[in-house]
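Me: I am new to this structure. Please walk me through its nonpolar core and its aromatic rings, one short question at a time.

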Amino acid sequence: MIKKKISITGSTSSVGKLLLKKLAKHNFNLKLSTRRKKLKNEHLNKTYLGDLKNFIFTKKFLTNSDYIVHLAHNENYDENLIIIDNLISVANKSKKIKKFI
């Protein structure tokens, strides 16, 4: 059986950490975007260091994803809009992404 690839933003938050624990029990292939250089989490298959405001990074992060779970937020409203716009733009162009949560 092929593992479903789930890309998660904001996984270092309280909700994100709980979600990772739950998903790891079901043997999903998890991908995490982070701006933190050092991140310890045994549940991750792949960690991407970068900024979701950067469209090229966002595109690379979401490559081959089946699902997106967006939990990240930024204190700056305009930066949140850029991040969401990048995620939606990549998801809309992808033929593989099935759900955006």
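Me: Tyrosine 48 and phenylalanine 61: buried or exposed?
Reply: This is a predicted model. Buried means under 20% relative accessible area. Tyrosine 48 meets that, and phenylalanine 61 does too. Both are buried.

Me: How many aromatic pairs are there?
Reply: Rings pair if their centres lie within 6.5 Å. By this rule the count is 2.

Me: Which kind of pair do the rings of tyrosine 48 and phenylalanine 61 form?
Reply: Their centres are 5.5 Å apart, and their planes meet at 70°. Planes over 60 degrees apart count as edge-to-face. So the pair is edge-to-face.

Me: How many residues apart in sequence are the parts that this pair ties together?
Reply: Tyrosine 48 lies in strand E3, residues 46-49. Phenylalanine 61 lies in helix H2. The pair therefore ties together parts whose separation in sequence is 13 residues.

Me: Which kind of pair do the rings of phenylalanine 57 and phenylalanine 61 form?
Reply: Here the centres are 6.2 Å apart and the planes are at 5°. Planes under 30 degrees apart count as stacked. So this pair is stacked.

Me: By about how much of helix H2 are phenylalanine 57 and phenylalanine 61 separated?
Reply: Both residues are buried. They are 4 residues apart in helix H2, so the separation is about one helical turn.

Me: Which residues form one aromatic cluster?
Reply: Phenylalanine 61 pairs with tyrosine 48. Phenylalanine 61 also pairs with phenylalanine 57. The cluster is Tyr48, Phe57 and Phe61.

Me: Which residue has its charged end over the ring of phenylalanine 61?
Reply: Tyrosine 48 touches Phe61 and Lys31, among others. A charged end also sits over the ring of phenylalanine 61, 5.9 Å from its centre. It belongs to lysine 31.

Me: Which helix gives the largest share of the largest nonpolar core?
Reply: The core has 11 residues, including Tyr48, Phe57, Phe61 and Ile83. Helix H2 (55-62) and helix H3 (77-93) each supply at least two of them. The largest share, 4 residues, comes from H3.

Me: How many residues are in the other core?
Reply: This core lies apart from the largest one. Among its members are Ile6, Leu20, Leu23 and Leu30. The count is 6.

Me: What is the relative accessible area of isoleucine 83?
Reply: Isoleucine 83 is in helix H3. Beyond its neighbours within four places in sequence, isoleucine 83 contacts Leu52, Lys53 and His70. Isoleucine 83 is buried, because its relative accessible area is 9%.

Methods
Residues numbered from 1 in each chain as written. Predicted model: local features only at pLDDT ≥ 70, side-chain atom pairs only at ≥ 80, totals over all residues. Heavy atoms only, no water. Core = buried A, V, L, I, M, F, W, Y, C linked by side-chain atoms within 4.5 Å. Buried < 20%, exposed > 50% of the residue type's maximum accessible area, 1.4 Å probe, protein only. Helix = DSSP H or I, 4+ residues; strand = E, 2+ residues; numbered from the N terminus. Contact = heavy atoms within 4.5 Å. Phe/Tyr/Trp six-rings, centres within 6.5 Å; stacked < 30°, edge-to-face > 60°. Lys NZ or Arg CZ within 6 Å of the ring centre and 35° of its normal.
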